[in-house]
Amino acid sequence: MPNIRVRKETGLLYFDFQYLKVRCREQSLLEDSKPNRKKMQKVLDEILGKIKSHTFSYRDYFPSSKQLLAIELLENGSPPEPMPVGIDPYFKTQPAPISALPAQVQANGPLFSDFANQWYSEMEVGWKRSHRTTTRGVLDSSLIPQFGPRPVNEIKKGDILAFRSSLAKLPGIKNKESLSASRINHIMTPLRMILTEAANRYEFAPAFINIKPLRVGKTDVQPFTMQEVQDILRTVRADFRNYYIVRFFTGTRTGEIDGLKWQYVDFERRTISIKETIVNDYEETPKTGESERDIQMSQMVFDALLAQHKVTGQGVYVFATSAGTPISHRNISKRVWYPLLRLLGMKKRVPYQTRHTYATLMLASGEAPEWIARQMGHTTTEMLFRVYSRFIPNLTRQDGSAFERLMAAQMQDQPHPIIDPQLVNEVSAHSGINPISIGVNHLPKTQSRATKEIEQAPELPEPETPKPPDALPNTRINPSADAALIANPWLEIAKHSGLSMPPKAAPIPPSDHPAGDLL
């Protein structure tokens with residue numbers, strides 16, 4: 001009886017019907033659900049209607065089926081004729097009787113090239129443009145040349161390991177001796193997905209079992225110090241100063257800031273909404289669902305964007321070329337970023353290190369890790385501590401001084417315990433502690449140098465409340481907006497580090513230094 005069934009091993013639906021006295025079971029990529037069953041039932045009803053009217057063509061519905069050749073022979077009602085070379089290795093020599101074909105065809109899966117192309121066409125609808133381009137490149141340049149003419153069920157574990165070993169011997173990019181482990185893993189991922197799907201559909205033992213990805217080293221994090229950030233912002237070209245202020249003090253990814261539009265900048269709420277990004281010169285949605293977020297503006301970022309609005313506020317993009325198009329990060333890196341680092345005598349680092357700098361400075365300033373993770377678009381704080389902990393003194397110190405200071409602050413109003421003078425003298429004689437210094441606020445001799453410096457440091461003056469601008473672009477002035485903002489340390493850092501604030505005067509006219517005039 002024709003029906004829509006589910007394969008227990010994979011949870012995917014498949015067609016089950018009879019055609020020309022042959023039971024046909026054709027797998028889909030749809031998971032078991034009521035909407036998916038309804039879709040497939042509609043297709044099955046159409047198939048049954050055409051079978052009844054003798055207008056059904058198996059190839060029209062299942063062009064990559066393992067039973068296609070056998071079914072077409074039955075449809076034609078004649079013995080098979082010699083097949084062209086390349087259709088299937090089984091038919092390169094003596095054709096077999098019709099009765100033997102179904103079992104023989106079942107023993108052979110489709111060619112890897114055919115199934116890989118079918119898999120790609122079925123999966124690409126759910127992928128972003130950049131991922132489609134990357135996967136198509138891996139198929140055409142690596143996987144199909146290696147495995148294309150072979151049936152999927154003949155590719156064994158040894159073939160996969162030998163292929164991976166050959167990849168490790170290829171030269172890498174940027175004059176590296178070999179491909180990186182990360183790049184090899186990215187090539188092997190589509191291969192694993194294709195072979196696993198083929199094994200599920202054609203019911204043969206999967207070859208890609210117990211093959212673990214190559215170990216990839218930790219992320220190369222080389223954040224800038226606060227002094228280096230100040231030097232960069234003082235020295236960078238005036239028409240790119242606002243750009244790098246926003247990069248350093250929001251932690252945005254390169255594609256996020258390059259694709260930032262004025263419609264996502266809210267001066268009244270002081271937030272930047274990350275809704276779009278630029279990838280390979282195309283607009284895309286952010287990297288993950290958590291990457292869609294609202295970033296709070298610090299005072300420096302707020303002033304920088306106000307100044308930038310006077311330059312590009314009439315256009316779509318916050319940072320744009322003189323033609324109003326999105327800036328090219330490759331061009332900026334080549335013409336602005338790397339020459340600036342050479343001029344300042346700093347180590348060459350990719351612009352993405354501005355994001356790492358934001359994370360380390362925010363952690364060092366004492367901001368809540370959960371809040372920092374949300375600002376950066378992370379799902380948890382695990383990555384913050386795993387990647388950045390070694391750059392944060394407060395996270396790596398293990399001398400217990402922080403707990404001592406907490407106890408001293410919390411218990412300073414409590415009465416001193418009554419201590420027997422005789423006992424104090426006996427303890428001091430053995431420990432060397434001055435009896436006069438014994439009390440609830442006494443710190444051990446292991447008090448860290450950092451703690452002493454903090455306690456001895458002079459108190460900073462209270463920061464002046466910034467005056468609100470006369471008018472904000474495209475927003476309503478809300479006097480209570482500032483009260484709802486979370487306290488932010490960056491204004492204080494800027495004032496006491498010597499970093500000047502972005503100019504509020506009229507910016508350099510676009511005719512002299514338009515944004516991106518070298519692009």
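Here a trainee and a mentor talk through a predicted model.

Trainee: Happy to start simple: how many helices and strands are there in the chain?
Mentor: Good place to begin, and remember that the model is predicted. Counting both kinds of element along the chain gives 21 helices and 8 strands.

Trainee: What share of the residues in the chain is buried?
Mentor: Here a residue counts as buried when its relative accessible area is under 20%. The chain has 519 residues, and the buried share of them is 40%.

Trainee: And what part of the accessible surface belongs to carbon and sulfur atoms?
Mentor: Take the whole accessible surface of the chain, which comes to about 30,200 Å². Of that surface, the carbon and sulfur part is 54%.

Trainee: Let's zoom in on the open sheet of 3 strands: which are its edge strands?
Mentor: Start from the strand order, S1-S2-S3, with antiparallel pairing. An edge strand pairs on one side only, and that holds for the strands at residues 3-6 and 22-31. They are S1 and S3.

Trainee: Which residue in S3 does Tyr14 stand opposite?
Mentor: Strand S2 covers residues 12-19, so Tyr14 falls within S2 by its number. S2 pairs with S3 in the antiparallel sense over 7 bridges. Opposite Tyr14, in S3, stands Gln27.

Trainee: Last one, my friend: at what angle does helix H1 run to S2?
Mentor: Helix H1 spans residues 34-52 and lies across S1, S2 and S3. Within the sheet, the twist averages 30° from one strand to the next. Relative to S2, helix H1 runs at about 15°.

Definitions and conventions
Residues numbered from 1 in each chain as written. Predicted model: local features only at pLDDT ≥ 70, side-chain atom pairs only at ≥ 80, totals over all residues. Heavy atoms only, no water. Helix = DSSP H or I, 4+ residues; strand = E, 2+ residues; numbered from the N terminus. Buried < 20%, exposed > 50% of the residue type's maximum accessible area, 1.4 Å probe, protein only. Areas by Shrake-Rupley, 256 points an atom, 1.4 Å probe, with all protein chains shown as cover. Pairing = 2+ DSSP bridges. Axes fitted to C-alpha atoms, helices over the stretch in contact; angles between N-to-C directions. Contact = heavy atoms within 4.5 Å.
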